[in-house]
Amino acid sequence: MTTVAVVPGDDAAPEAMDASLDVLRAMNLPLDFDVLPTGAELAAQPMAEREAFMIERLDAADTVLFGSSNGSTPGIAHLRWGWLTYANVRPVQWRPGYRSPMAKPELLDYVIVRENLEDAYVGIMGDVDALRATDLIGPRARLAWEGEGRFAAKVITREGTEKVARFSYELAQKRSEANGRPASLTVSAKTNMLPATDRWFCEIVADIGAEYPDVARTEFIIDDMAHRLALHTADLDVVLMPNLYGDVLSDLGAGTIGGMGLAPSGCYGDGRAYFESAHGTAPDIAGQQRINPTATLLSAVMMLEWLDLGTEATRLDQAISAVYAKGRALTVDQGGTATTGEFATEVENLLS
Ligand code: ATP
């Protein structure tokens, strides 16, 4: 039996996970769910014990459905840097019934691939005095550095970029097979201001493109990309960005389809993957049964696809779409009055 570790997470996230798990259980899937404690339940243990406990259970599972963490639930760092899940896939797909602020939301159907391990998230930070002692300091920095300062380093590696580039080209091929559109990859970073990291990232992606002649590659500077995510989304299919830009701009993408409650994600490595909504723990609505579980359920759809349960993935995906198409039992963020649990029950009712 395939085991899925289910991590409820913190603040409002466990409410979304509970409701999603009810739907998954109603599907009678060939899966064993190992439901881990919430962050609140873990809080009595010292952090080192919590971490060891979580890592053991996560490693024992075949994959993980992760509710968002505010830090109380550990494990996410292990799932990223321990499992080396280098590609964070964040689909931006509008469905009829989503409350999008866009004039033509039907044009929104692309995925952001965010490199998941490098860039500004490598955790290299410190006092600028450490840099002053090196020969890395150019004239611009010298001018500004009279006094106290901190730095955070941004690191791009050839191996990391090649891996996420290949993943993205292959995703473009798969999407093209499924949607019948020409395979296309858009890559974006701050190439003009950051030649050492960002231009190099795009150059490596271009080099790897030689292995995928059937995938058209386009490149935009990240500020132009931001404007295109609002104005020219019909041209987009797979959009690859370094970690920080992908993190920020995928929230913009979520806003265009109708909000964070609709934004799923999957993080993929070689032979390992885990799945989590793109949103945070929504602390402002915790305990109110207002959190929209759609993002968690769509992350579960991605998980079922990865587990080769394609028919079941489609079944769940179609039931979610049907709830929005009918416009009944929608949560408050989508203009309805349903609770988290009522939405999930409606998804269950519409399962084929
Ligand atoms: P983090 O720092 O962990 O990302 P955050 O509070 O900054 O947390 P989110 O948790 O993503 O970010 O929340 C941003 C806003 O979106 C909040 O007002 C929150 O209530 C809302 N939100 C997020 N997820 C959902 C959801 N699933 N359903 C309804 N509203 C949501």
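1. Let me start with the domain contact: domain 1 and domain 2 bury about 1,600 Å² between them, and carbon and sulfur atoms account for 58% of that. On the domain 1 side, Y86, N88 and R90 lose the most area to domain 2, together making up 42% of what that side buries. Keep in mind that this is a predicted model.

2. For orientation, the protein splits into domain 1 (1-91 + 260-352), domain 2 (100-117 + 155-257) and domain 3 (120-153). The C-alpha centres of domain 1 and domain 2 sit 25 Å apart, and 18 residues of domain 1 touch 18 residues of domain 2.

3. What holds polar groups opposite each other here? Between domain 1 and domain 2 there are seven residue pairs in polar contact, and the salt bridge count is two. R90 turns up again in a salt bridge: its side chain meets that of D247 at 3.7 Å, N to O.

4. Now the ligand. Which residues surround it? The list is M260, G261, H279, G280, T281, A282, P283, D284, I285, I291, N292 and D333. Sorted by class, that shell has five nonpolar, five polar and two charged residues.

5. A few polar atom pairs are worth a look in the viewer. A nitrogen atom of the ligand lies 2.9 Å from a polar backbone atom of N292, and a ligand nitrogen is 3.2 Å from a polar side-chain atom of H279. T281 offers a polar backbone atom 3.2 Å from an oxygen atom of the ligand. On its own the ligand exposes 610 Å², and the protein buries 59% of that.

Notes. Residues numbered from 1 in each chain as written. Predicted model: local features only at pLDDT ≥ 70, side-chain atom pairs only at ≥ 80, totals over all residues. Heavy atoms only, no water. Near = heavy atom within 4 Å. Polar contact = N/O pair within 3.5 Å; in protein donor to acceptor, adjacent residues only side chain to side chain. Areas by Shrake-Rupley, 256 points an atom, 1.4 Å probe, with all protein chains shown as cover. Nonpolar A, V, L, I, M, F, W, Y, C, P; charged D, E, K, R; others polar. Domains from an automatic or database assignment. Contact = heavy atoms within 4.5 Å. Buried area = accessible area lost by both parts, 1.4 Å probe. Salt bridge = Lys/Arg side-chain N within 4 Å of Asp/Glu carboxyl O.
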